[in-house]
Amino acid sequence: MSRYCTLHLEGDALPFDLDRTLSCGQVFRWEKKGHWWCGVLGQKPVLIRQEGDLLHFSGAPEEDISRYFDLDLDLEEILAGFPDDPILLQAIDSAYGLRIVRQPAWECTASYIVATFANIPGIQTRLKLLCERFGERIGDGHTAFPSPEKLAASPLCDIRSCRVGYRDKYLCGTAAILSADHGWEERIAALPYRDARRELLRLPGVGKKVADCILLFAFHRFEAVPVDVWIDRIMRTHYLEEDTRYSYDRIADAARQIFGPNAGYAQEYLFAAREMIPDMRKK
DNA sequence: CATTGACCTGACTAC
DNA sequence: GTCAGCAGGTCAATT
């Protein structure tokens with residue numbers, strides 16, 4: 001890759017931190033090789049790296065890069081709109097410039113179905129296997145994310161051979177439903193949050209947490225707050241009263257009440273800083 | 001807007 | 001080097 005374009009980050013595009021954005025665990029298919037991040041945008045291999053307020057990239061037009069990283073979003077305003085509690089402020093400080101990328105809806109859905117009850121390295125392995133086994137070759141050693149049609153038409157044993165375990169039937173089932181439902185993305189996008197989530201919950205392998213991940217990461221519904229074990233722990237120990245029973249929705253609702261309409265972004269910063277946030281329960 | 005247990009598999013931690 | 005316990009939940013059954 002000798003030819004690349006350069007995008008000067010300014011205005012709403014700042015703050016932006018490419019490393020934090022791609023390594024925080026929201027996406028699983030980007031790989032850093034030397035200074036460059038290698039990944040796939042749409043059906044094309046992309047190389048990208050950041051140098052201060054310069055973004056060097058190749059393989060995709062600038063508007064695709066800008067849209068994927070949501071560089072038109074006024075992130076500064078969102079961060080400034082949060083309450084100034086010490087835990088969140090520390091998280092924002094440590095992950096400053098992290099942006100929620102616009103993941104393709106199907107890739108996001110399939111990825112988080114595969115991601116349930118697993119750790120990040122395992123998720124990456126599984127997705128890599130799935131892409132190599134079922135994805136279209138797009139050159140340069142890269143593969144596109146497998147289409148739902150392809151997965152829906154594949155035997156469960158072939159899918160399971162990608163180490164997805166019992167999730168094989170969820171992946172295949174959801175692939176079958178979505179590949180037969182051409183307007184699903186537009187329909188979800190047009191629905192209010194609650195209705196959109198209820199729709200997604202009909203898909204096999206998609207529970208509240210995965211549905212919220214899809215809504216937050218693919219549809220940019222910033223009121224969606226995925227509550228995983230980390231967020232659960234952080235909310236319970238730092239934002240809620242101890243010794244009380246909290247359901248998923250109570251924790252998510254509390255997050256929306258505390259952090260406001262962009263609570264999903266607060267969630268992402270808290271998640272990114274999860275290792276640094278003390279676990280009060282251990283004392 | 002509840003609670004509980006089984007569940008594929010791999011990467012990590014502690015022996 | 002080996003091994004139990006655990007990991008970014010979901011589903012089905014149960015009260």
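In this predicted model, the surface near DNA strand B comprises three nonpolar, four polar and six charged residues. The strand has 13 residues around it, and those that come nearest are Phe117, Thr125, Arg163, Arg167 and Ser247. Helix α6, which spans residues 120–134, gives the most to this surface, with three residues. Of the atoms of DNA strand B that lie within 4 Å of the protein, 61% belong to sugar or phosphate, and the rest belong to bases.

Several polar approaches to DNA strand B can be described individually. The side chain of Thr125 places an N or O atom 3.2 Å from a phosphate oxygen of the strand. For Arg163, an N or O atom of the side chain is found 3.1 Å from a phosphate oxygen of DNA strand B. Arg167, by contrast, addresses a base: a polar atom of its side chain lies 2.7 Å from a base oxygen of DNA strand B.

The surroundings of DNA strand C were examined in the same terms. Around this strand there are 21 residues, of which Gly25, Ile120, Gly205, Gly207 and Val210 come nearest. Sugar and phosphate make up 59% of the atoms of DNA strand C that come within 4 Å of the protein. By class, the residues of the surface near DNA strand C are 13 nonpolar, five polar and three charged.

Both phosphate and base atoms of DNA strand C take part in polar approaches. A phosphate oxygen of the strand is 2.6 Å from a backbone N or O atom of Gly205. Another such approach involves Trp230, whose side chain has an N or O atom 3.3 Å from a phosphate oxygen of DNA strand C. At the base level, a polar atom in the side chain of Tyr166 lies 3.1 Å from a base nitrogen of DNA strand C. The elements that give two or more residues to the surface near this strand are α12 (208–217) and α13 (229–238). Of these, α12 gives the most, with three residues.

Aromatic residues were considered next. The count of aromatic pairs comes to 12. In one of these, Tyr68 and Phe69, the ring centres are 5.0 Å apart and the planes stand at 90°, so the pair is edge-to-face. Tyr68 and Phe69 are both buried, and they belong to one aromatic cluster together with Phe16 and Trp30.

The pair formed by Tyr166 and Tyr170 is also edge-to-face, because the planes of the rings lie at 80°, with the centres 6.2 Å apart. Tyr166 is partly exposed, with a relative accessible area of 35%; Tyr170 is likewise partly exposed, at 27%. Each of these rings is accompanied by a basic side chain: the charged end of Arg167 sits over the ring of Tyr166, 4.5 Å from its centre, while Lys169 lies over the face of Tyr170, at 5.1 Å from the ring centre. Tyr166 and Arg167 thus appear again here, Tyr166 having a polar side-chain atom 3.1 Å from a base nitrogen of DNA strand C and Arg167 one 2.7 Å from a base oxygen of DNA strand B.

A further aromatic residue, Trp184, is found in helix α10, residues 184–190. Its relative accessibility is 6%, and Trp184 therefore counts as buried. Beyond its neighbours within four places in sequence, Trp184 is in contact with Ala105, Trp106, Thr109, Leu178, Leu200 and Phe219. Phe219 is 35 residues from Trp184 along the chain, and the C-alpha atoms of the two are separated by 12 Å.

Conventions:
Residues are numbered from 1 along each chain as its sequence is written. Chains are lettered from A and ligands numbered from 1 in the order in which they are written. This is a predicted model: local features need pLDDT of at least 70, side-chain atom pairs count only at pLDDT 80 or more; totals for chains, interfaces and linings use all residues. Side-chain values use heavy atoms; hydrogens and water are left out. A residue is near a molecule or strand if one of its heavy atoms lies within 4 Å of it. A polar contact is a pair of N or O atoms within 3.5 Å; within protein, one must be able to donate a hydrogen and the other to accept it, and residues adjacent in sequence count only if both atoms are side-chain atoms. Helices (H or I, at least four residues) and strands (E, at least two) are DSSP runs, numbered from the N terminus. Ala, Val, Leu, Ile, Met, Phe, Trp, Tyr, Cys and Pro count as nonpolar, Asp, Glu, Lys and Arg as charged, and the others, Gly among them, as polar. Buried means under 20% relative accessible area, exposed over 50%, partly exposed in between (1.4 Å probe, protein chains only). Contact means heavy atoms within 4.5 Å. Rings of Phe, Tyr and Trp (its six-membered ring) pair if their centres lie within 6.5 Å; planes under 30 degrees apart count as stacked, over 60 as edge-to-face and the rest as tilted. A charge sits over a ring if NZ of Lys or CZ of Arg is within 6 Å of the ring centre and within 35 degrees of the ring normal.
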